[in-house]
Amino acid sequence: MLSSALCLVAYLVTPGFAQDVITEDSAFYGQSPPVYPTPQGTGTGDWAGAYAQAKELVSLLSREEKVNLTGGISVDSSCSGVIPPIPRVNFTGLCLSDAGNGPRTTNFVSSWPAGLSVGASWNRELAHKRAVGMGGEFRAKGVNIALGPVVGPLGRIASSGRNWEGFSNDPYLCGALAYQTVKGIQSTGVITSTKHFIANEQETNRNPEGDVFAVSSNIDDKTMHELYLWPFQDAVKAGTGNIMCSYNRVNNSYGCSNSKTQNGLLKTELGFQGFVVTDWGAHHAGVATALAGLDMVMPSGSPFWAGNLTTAVNNGSVPESRLDDMATRIIATWFKMKQEDGFPTPGLGMPSDLNVPHQKVIATSPKNKDVLLQGAVEGHVLLKNEKGVLPLKSPQLISLFGYSAKSYDAYTPGSAGWNGGSQSTAWNGGSDSTTSTRMQIAPNGTMISGGGSGANQPAYLSSPFEALSQRAYEDGSSLWWDFHSGDPNVDQSSDACIVVGNAWATEGWDRLGLHDDFTDALITNVASRCNNTIVVFHNAGVRLVDQFIDHPNVTALIFAHLPGQDSGRALVSLLYGDVNPSGKLPYSVPRNESDYGPLKNETLPDGIYALFPQSDFTEGVYIDYRAFDAQNITPRYEFGFGLSYTTFNYSDLSVSLADGADFAAYPSKPIVEGGHEDLWDTLVHVSATVTNTGDVSGAEVAQLYVGIPDAPVQQLRGFAKPVIKAGESAVVEFDLTRRDLSTWDVVAQKWLLQKGEYQIYVGASSRNLPLAASLQI
């Protein structure tokens, strides 16, 4: 696929040929292979009953009623999108609503830790509990379809504005946590909309603007499968009922018009049984999108579908069978989640205006309190702890500095940023916000999520300042604070100085940089006056630290990520040692921006592509730690790194082939949800012993990496997180599947299990792997 774009470039730069700006989309035709017709949903596996019910119901519908299922309508509700009911067949309609980190644009819900914090927890069980809690809130509010989780963007571009909504830029970690999220939310009867399909890796030019088309992500087949499709495959395997197609173009075909990705990859190769919905406003054609595998348009079927889709079916441009398949997939998903039986009225708790009288629907639950706090805690990563300065030892005086330590100034319905996560970007609660004035930080208060549709609504907010104030009250200690000065006074009696900054990111535009001069100067100014300076960042993505990290008085560094409403409470419990930090980085932190090469920033319209921006994924699978390993670049903090208040030792590595396993080159069993059934067969068992050699109990993320022939030197293929008491040991076990050990064969169009030697590594991070063994297949 990618080669076509490169051939076009070669042609256009050859001496003797004109290099005019390309003005017609036809210059790119054929770069995304056509795959037709759309496979009809088959009701495979545990979908059989839902499909039987759906086909019976759809057979009763008129053509116009079927079309009405495929496009949103405008109603008096804060649901992001609405499908109208069909009362005569007892179909109650659908409310689709943001987003992957909890409900938005309503009240009586929670601000859950964001996807990036879940990634930093490396905790499958906690991810599942979070998902169940979020699903319960969506359900109580009458939301049929939660618009999440996010697995795209994966995180190719370091400065991408929406990386924080997903879990990790490693496809295995991302996919494992997406699997748990889909399972958890859908266990409550709420449908997940896994998004954005696919290769939506930058915000800049994600949509057409004026004469400029949306950016095209130009990806070869191997990279597509081994990196960007991988976590979607996990979500489909988990049974996600919906996939949201993306704004960008893929190999110069719009994501929601792309027959290769929708008909080919998703509905054929992965056996997807649910339905595909557009991102809001991502619909750019009528008949073509219907034939390419799209099933539903949001927020409205108009102008391309609605009555025009009826006309297209009437005149034969779109087969009646395609419309039936759209309707069947949508209704089958509704039945699959049993939403016909006792589900709240769609949009019940989603009033359009909270400032006028409305029905009070309380979705929060006391049973979620521990999960909210634990999620916030485990999303913190301790990166530096010189001389064991943490946990704090009964400090008598703490001096607190930084704009991200306090609560934001206003949080009421309609106040600046209230439902888009940007409350902390609005100066003094006013309307001047970084949504219009782009900045690298959110200066008006603590950051508990990023900005845009992935934000959520806190029921309350525990800021670092409030939590430290409460701790000072309980301990009888003292606290100084200054949230505004870049060069504050420091009481020399301070036992510790805590500087809390942030790194802002939002939907709609990409980050301006990976560090900011104001915060770096604040840290060094405080450190020049305080010999125990502890730095905390609320960061919506990677944040570079080399401007201050080697200062002798900077004794500790914590990446708090985006903890949700229990932010301060979680931080203070870690600072004082009430809990032991266990988070690990779900990405790498390099020393310099230049270490990323071209993958630091987004691709812009340029040269002959001024109207058709082209983002060529020529690096293949080599992003983040894969790239740093290949280029022999030593990061400041590697992927998977994180400190604890205790220490761990690894021993007793065991690697064995699974009894009776089939080691044939290619999978041969039928396609089920998630692909060929035998891709999920266990081929290799790995185990190791982890011993807590320190003085306190702690959880350790043991990580398994595999070196596959003719692939990156190592790739994450397993992790486990046991809690181990001081002086005790735990055995961690990993099962490696056929997919885990395979590479994509672009000729055979299947996953290839090669013969040869594989390397197995187990340890505490991608660059701390004390256990190693080879495996012959």
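The following paragraphs describe the disulfides of this predicted model and the cysteines that take part in them.

Residues are numbered from 1 along each chain as its sequence is written, and side-chain values use heavy atoms, with hydrogens and water left out. In this predicted model, local features need pLDDT of at least 70 and side-chain atom pairs count only at pLDDT 80 or more, whereas totals for chains, interfaces and linings use all residues.

A disulfide is a covalent bond between the sulfur atoms of two cysteines. Here the term is applied to a pair of cysteine sulfur atoms within 2.5 Å. By this rule the model contains 3 disulfides. When the bonded cysteines are numbered in sequence order, they pair as 1-2, 3-4, 5-6.

One disulfide joins C79 and C95, whose sulfur atoms lie 2.1 Å apart. This pair links distant parts of the chain: C79 is in the loop between helix 3 (63–68) and strand 1 (81–83), while C95 is in strand 2 (residues 94–97), and the two are 16 residues apart. Helices (H or I, at least four residues) and strands (E, at least two) are DSSP runs, numbered from the N terminus. The link of C79 and C95 is left-handed, with -105° about the S-S bond. C79 has a relative accessible area of 11% and is buried, a word that means under 20% relative accessible area (exposed is over 50%, partly exposed in between; 1.4 Å probe, protein chains only). C95 is also buried, at 1%.

Another disulfide connects C245 with C256, with an S to S distance of 2.0 Å. The pair again links distant parts of the chain, for C245 belongs to strand 6 (residues 242–245) and C256 to the loop between strand 8 (253–254) and helix 9 (259–269), 11 residues apart. The link of C245 and C256 is right-handed, with 105° about the S-S bond. C245 is buried at 0% relative accessibility, and C256 is likewise buried at 0%.

A further disulfide is formed by C497 and C530, whose sulfur atoms are 2.3 Å apart. Because C497 lies in strand 13 (residues 496–503) and C530 in the loop between helix 15 (517–527) and strand 14 (533–539), this pair ties together parts that are 33 residues apart in sequence. The torsion about the S-S bond of C497 and C530 is about 100°, so this disulfide is right-handed. C497 is buried at 0% relative accessibility, and C530 is buried at 3%.

Why does C174 not form a bond with C245? The sulfur of C245 is the closest cysteine sulfur to that of C174, but it is 18 Å away, too far for a bond. C174 itself is buried, at 1% relative accessibility.
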